[in-house]
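Trainee: Could you take me through the aromatic rings in this one, slowly, with the charges that sit over them?

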Amino acid sequence: MYLISYFCGVKIHEFYILRCIQIAKNGLGTTAPNPMVGAVIVYNNSIIGEGFTSTYGGSHAEVNAINSVKDKSLLKKSTLYVTLEPCAHFGKTPPCADLIVQSEIPIVIIGLLDPYDEVAGKGIEKLKNAGCTVITGVLEEECREHHKRFLTFQEKKRPYIVLKWAETEDGFIAPDKKYRKNTEPFWITNDYSKQLVHKWRTEEQSILVGTTTVLEDNPQLNARLWNGKNPIRIVLDKSLKIDSSFHVLDGSIRTMVFTAEKDTKAYITGVEYHQIDFSKNVASQVCEKLYQEKILSVFIEGGTKTIQSFIDENLWDEARIFTGPKRFHSGTRAPQIKGRVNSKISLEKDQLTLLFNA
């Protein structure tokens, strides 16, 4: 049991919803396609139970919170706080709303309504019909920000899209090919920035690059520098120029290839191939397919042509741009983007600019 105090001026419901958001972040990168929900159970101004959404296929936040309560008799006198409306349908697990009712929790405080068709008010209706007092909309904007991946997927019918690249002080992401000695990355930024990128990879469900990036850099697209789940690898390869000698097709991680090649004899066993029309809007077609595959977020790492295609189709939500202390004078230009600057951060001599699609 944890005793809680709060500062003057902070409303008590908001205090506990903030705690829900805080613990929900423990599920970042592992819960998709489920949202990363946080739940807190309070009795007599003390937290007696907490939970966040388990890895996909496991228990939801409300279930974990209820199960964490040692004295279950207190549930009948407690309040449940949760970032997102409890589910009311059978999926991988039974409805959370049913368990809340069975536990006889009398008050439920919800940050945000769930837009998913199978829930969308049905969870609240089930709770109210059972006699629960339900309060909604507590720190709604903060909960929307927390659940941005899930909400983008549900409301815009596409993944949440994060763009990332590193550029030199003079605006290049790669030098001229004559300076490239082998198919290995040409580093612009330092080791701290590199490790941060690997951390970001564990937070998104998938990672996407174009053909040129693979042919020139031979990236592994995993999270070897950070402890966490590797993202699904997605590669745009119109003519299947990438062969099995490249890391992305080594079969170690689930990999999807978008191609125009219809001859399945050229396909590599264990790799998922999806045909699209490269003469039309590629980014839109990719987003449509990823939505069908229930992929909530995608981290796009290059190259310029691939990133620019998503910018030009206005299919992006965040951009994370590193500027390293180097100059190439010529080479491949960095993507061109306009957005709302959220923050600028220094990592030794590297500068990181975070943009949102305003």
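Mentor: Start with Arg320: its charged end sits over the ring of Trp200, 4.7 Å from the ring centre. Keep in mind that we're looking at a predicted model. A second case of this kind is Arg333, whose charged end sits over the ring of Phe172, with 4.1 Å to the centre.

Now for the ring-ring contacts. Counting pairs with centres within 6.5 Å, you get six aromatic pairs. Take Phe153 and Tyr291: the centres are 4.6 Å apart and the planes make an angle of 35 degrees, so this pair is tilted. Phe153 belongs to helix 6 (residues 148–156) and Tyr291 to helix 9 (residues 282–292), so the contact ties together parts that lie 138 residues apart in sequence. As for exposure, Phe153 is buried, at 7% relative accessible area, while Tyr291 comes out as partly exposed at 26%.

Back to Trp200, which also has a ring partner, Phe299. Their centres are 6.2 Å apart and the planes are at 75 degrees; over 60 counts as edge-to-face, so that's what this pair is. It's another link between distant parts of the chain, with Trp200 in helix 7 (residues 191–203) and Phe299 in strand 13 (residues 297–302), 99 residues apart. Trp200 and Phe299 are both buried. So put the pieces around Trp200 together: the ring of Phe299 is edge-to-face with the Trp200 ring, and the charged end of Arg320 sits over that Trp200 ring.

One more spot to look at: Phe15, Tyr16 and Tyr81 are joined into a cluster by ring pairs.

Notes:
Residues are numbered from 1 along each chain as its sequence is written. This is a predicted model: local features need pLDDT of at least 70, side-chain atom pairs count only at pLDDT 80 or more; totals for chains, interfaces and linings use all residues. Side-chain values use heavy atoms; hydrogens and water are left out. Rings of Phe, Tyr and Trp (its six-membered ring) pair if their centres lie within 6.5 Å; planes under 30 degrees apart count as stacked, over 60 as edge-to-face and the rest as tilted. Helices (H or I, at least four residues) and strands (E, at least two) are DSSP runs, numbered from the N terminus. Buried means under 20% relative accessible area, exposed over 50%, partly exposed in between (1.4 Å probe, protein chains only). A charge sits over a ring if NZ of Lys or CZ of Arg is within 6 Å of the ring centre and within 35 degrees of the ring normal.
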